[in-house]
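This report covers one buried side chain and one helix pair. The sequence and the model are shown below.

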Amino acid sequence: MLSYFPKSLLALAVIIISGGVLINAKNSSTGNGKTETRKTKVACVGNSITFGYALKDRENNNYPRQLGLMLGDKYEVGNFGRTGATLMKKGHNPYYNWKEYKEAIEFAPDIVVIHLGVNDLEPRDYPKFGDTFVGDYVGLIDSFRNVNPNVRVIVANLSPLLPPIPRFKAGLRDWRDSVRVLTPVVAEYAGAELIDFGTALRDRPNLIPDNIHPDDKGATVLAETVRKAITGDYGGLQMPPVFSDGMVLQRNVPLNIRGIANAGDKITVSLGQETATAVTDNRGDWSVTLPPFKENTGLTLSISDGTNKLLYKDVAVGEVWLASGQSNMAFPLRDTESFPRDSAMTTDPLLRLFNMLPSVEVELREWTNEEKERMDNLDYYKPTKWESSTPETAKDFSGVAWYFGKMMRDSLNVPVGIIHNAIGGSPTEAWIDIETLEHQLPEILIDWRNSEFVQPWVKERGIMSTGMKDGVPDGHRHSFEPSYLYATGIRPLNAYPIAGVIWYQGESNDHNIQLHEQLFPMMQQSWRNTWENPELPFLYVQLSSVVRPSWPSFRDSQRKMAKTLPNVAMVVSSDKGDSLDIHPKNKRDIGERLGRQALNKIYNMKHVTPQGPDIVKAEQVAPGTIILTFDYAEGLTTSDGLNPRTFEIAEIKDMYAGAETVEILPDNRIKIVNMALPNPRFVRYGWQPVTNANLVNGDGLPASTFKVDVKPLSPIK
């Protein structure tokens, strides 16, 4: 037993299946000349997880018991789990030494399921003897083959271990990762099949109440994972929900198309004149890659498993973007100030919309039991499909995303598809996969409703939605929970090819600017890993103007990240804010500003000005006099024709005073003078929560809030 686990050491169960061919029940002769059907014997080998430790009704709810019920009368399933057992022979409690191992060998199974390795993650085990892990594992497999050369071997990779466990950051997580890397090596070397208990439960921490052992429902998930592997039955040919008639596929890139089917099925995928095939693996997964397509319309995508065929009609090829974030991205087109005059132009058959809307809203009420159950089961989004833009479909779509998509259509003259997936109030951490959070910020996964990492408003909504039980927040899942929206809304997209992401979020992370500076790059990397595209573009909206004291600093943080993060760009929205409403209604300008960044940076239309004046440097040129230099400053002027305003200077950090004069120079630089401050060291601009800053370039695009150090006068030599 791991000394730092609550009560018992977690046992890793591995399913071993050999040969890759399903074993059918065998016939044997009885003494009276009759034949009887011999059951296929399945041995589940492992530790406390296989044994069923911590289950309310262990005898009936352990996963081998549930597996037996799922498989039916033609199978005999034995539970040979030993709590606290290690895989490695030099470990502190080797499985080989226990009666459960001897009984499993005597059972002479046709199929053996092995899940071992968790208990090997103690400091006294893996750090010392980790180089014996593969050899000992292969030896265990061989011992079953010695009693039945035809035994089918399935190796299950480790089930999740969650950050609240002591020592998680002090070695356990990294040793777990090493074992997760080595287990597929074992399977390949030994000629065994591989399944993954970690994948099955990674997005279901609510089913692992002590952070190690799955509960009754978690055991059901494990049993179902094993059942599918044994039978090869994954429910037949299935595609992610983002596949439907009218879809838009990304042009000019290899088209990786993935789905689920029964194990061993041959999958044939055809689009236009191109066809590719694949064979489904024992985990039900298949993927093919079609060559790049140019823009096109009216295609049919055909996907067949030899028995069933899925036909997707009216498929277009063009540009596909994902629009995500929180409520300002979700803000519907119908509520924008420009919709009454723009609704007539919403009809466009080649602007296609995929609108992912939540089935459970975060409102000022406690959710019903049915809604809580839906959230717990990750059943979060309403069914949807691709639809062409019309007044009816566009009105409920994101205003920012629709205007962005329309600009792409008009400028590129190709089909454009926009996937909208934004959830009001959602914090950045909800959009990051759990694996990334475990490695970079595991603390945020621990008791998030009481975490100092999470914004108070977000925690309050989390408690309000799920209610209290016995005076403490109920443990039901919530859309604001770290990693939840990634699990329900990003992972299911299954790397559907896209050109890039537009993002409008930050309001629910404004409590901690430094934390957001960790989370925002983390989220980008998470999504780039998901889409297997390290250069996936991110275009994002800077927070607007509203009465929140931290917003000038937050806006400046966003500005600086745009300069340092790879393949990102930012647009300013502070000039379109509303002092009394965190949801300003001018979304057309914001969507089109995102469009400018995309056209310039992604589509190489250099004649399109991507953004407003961008501060480059500030230099003192005389006592009390500073010159500011900007990029994107051609035609530098003000939005209202008045003198530039909201410029402040300081000699001592954060002790600012207004400028006496601010002048736009003929070379598109700015001169600031305040003779009362002869040695200025700092300049800031637009540093008000609700700012009336007015500096723009010749295209009317505004400058961002900024704070910059001043290069002092060079001393006279």
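Contact here means that heavy atoms lie within 4.5 Å. The model is predicted. By this criterion, and leaving aside neighbours within four places in sequence, arginine 258 is in contact with Met239, Pro240, Trp286, Ser287, Asn494, Ala495 and Glu532. Arginine 258 belongs to strand 10, residues 255–260. Its relative accessibility is 18%, and because buried means under 20%, arginine 258 counts as buried.

The side chain of arginine 258 takes part in the polar contacts tabulated here.

| Side chain | Partner side chain | Polar contact |
|---|---|---|
| arginine 258 | asparagine 256 | 2.4 Å |
| arginine 258 | glutamate 532 | 2.9 Å |

Glutamate 532 sits just after helix 18 and has a positive phi of about 50°.

Helix 18 covers residues 513–530 and helix 19 residues 551–564. Their axes come within 10 Å and cross at roughly 35°, and the crossing is right-handed. On the helix 18 side, the residues that meet helix 19 are Ile513, His516, Glu517, Phe520 and Pro521; their counterparts are Ser553, Phe554, Ser557 and Met561. Sorted by class, this contact has five nonpolar, three polar and one charged residues.

At the N-terminal end, helix 18 is capped by asparagine 512, with a side-chain oxygen 3.3 Å from the backbone nitrogen of glutamine 514. The end C-alpha atoms of helix 18 are 26 Å apart, which agrees with the 26 Å that its 18 residues should span at 1.5 Å a residue. The buried residues of helix 18 include Ile513, His516, Phe520, Trp527 and Arg528.

Technical notes:
Residues numbered from 1 in each chain as written. Predicted model: local features only at pLDDT ≥ 70, side-chain atom pairs only at ≥ 80, totals over all residues. Heavy atoms only, no water. Helix = DSSP H or I, 4+ residues; strand = E, 2+ residues; numbered from the N terminus. Buried < 20%, exposed > 50% of the residue type's maximum accessible area, 1.4 Å probe, protein only. Polar contact = N/O pair within 3.5 Å; in protein donor to acceptor, adjacent residues only side chain to side chain. Axes fitted to C-alpha atoms, helices over the stretch in contact; angles between N-to-C directions. Left-handed = near helix turned anticlockwise from the far one by under 90°. Nonpolar A, V, L, I, M, F, W, Y, C, P; charged D, E, K, R; others polar. Expected span 1.5 Å × (residues − 1).
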